[in-house]
Amino acid sequence: MATSRAALQSSLRRLGRPNAPSKRNLSSSSARHDDAYEAEKWEKITYLGIATCTILAIYNLSKGHPHHYEEPPPYPYLRIRKKDFPWGPHSLFERKHEDH
């Protein structure tokens, strides 16, 4: 009877005692897979966006555009120069050939 009594008490203790705490599933445990998926998704979107913008830029720049520049009328009062330039009558970037 003592052995059956001890067995009964040990089984009651196990039933009354809370089980070992179960592993909690926090958001970080399942989110690791989701984070990797999201990172890959946005990486692909970024590369696709870069390629699309590059193609559109090349297309727009290769088309050219019209120049609607008209020559101004030759008014006599435009570009009047009464004073010499500080560097002389020659152009600023022209080499001066002086015979010495």
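**Entry 1: the tyrosines after α2**

I began at Tyr-75, which I located in the segment after α2. Since the model is a predicted one, I kept to what could be computed from its atoms, and for Tyr-75 I looked up a relative accessible area of 43%, which puts this residue in the partly exposed class.

I then searched for aromatic pairs and found that the structure holds 1. The pair joins Tyr-75 and Tyr-77, whose ring centres lie 5.3 Å apart and whose planes stand at 10°, so I entered the pair as stacked. I had to check the angle against the cut-off here, because planes under 30 degrees apart count as stacked. For the partner, Tyr-77, I noted a relative accessible area of 55%, and this residue is therefore listed as exposed.

Which residues form a nonpolar patch on the surface? I found both tyrosines in it, together with Leu-78 and Ile-80, and I wrote down about 440 Å² of accessible area for the four residues together.

**Entry 2: the salt bridge in α2**

I turned next to charged side chains, keeping in mind that those of opposite charge can pair when their charged atoms come close. The structure holds 1 salt bridge, and I traced it to the side chains of Glu-38 and Lys-41, with 3.3 Å from N to O.

Where do Glu-38 and Lys-41 lie? I placed both in helix α2, which covers residues 27–63, and I noted that they are 3 residues apart, about one turn of the helix.

I also asked how the two residues stand towards the surface: Glu-38 is partly exposed at a relative accessible area of 32%, and Lys-41 is likewise partly exposed, with 31%.

**Entry 3: the protein overall**

Finally I looked up the totals, beginning with the secondary structure, which comes to 2 helices and 0 strands. Of the 100 residues of the protein, I found that 1% count as buried, a class that I checked to mean under 20% relative accessible area. For the accessible surface I recorded about 10900 Å², and I noted that 59% of this surface belongs to carbon and sulfur atoms.

Conventions. Residues numbered from 1 in each chain as written. Predicted model: local features only at pLDDT ≥ 70, side-chain atom pairs only at ≥ 80, totals over all residues. Heavy atoms only, no water. Helix = DSSP H or I, 4+ residues; strand = E, 2+ residues; numbered from the N terminus. Buried < 20%, exposed > 50% of the residue type's maximum accessible area, 1.4 Å probe, protein only. Areas by Shrake-Rupley, 256 points an atom, 1.4 Å probe, with all protein chains shown as cover. Phe/Tyr/Trp six-rings, centres within 6.5 Å; stacked < 30°, edge-to-face > 60°. Patch = residues over 30% accessible without salt bridge, like charges linked within 9 Å, V, L, I, M, F, W, Y side chains within 5 Å.
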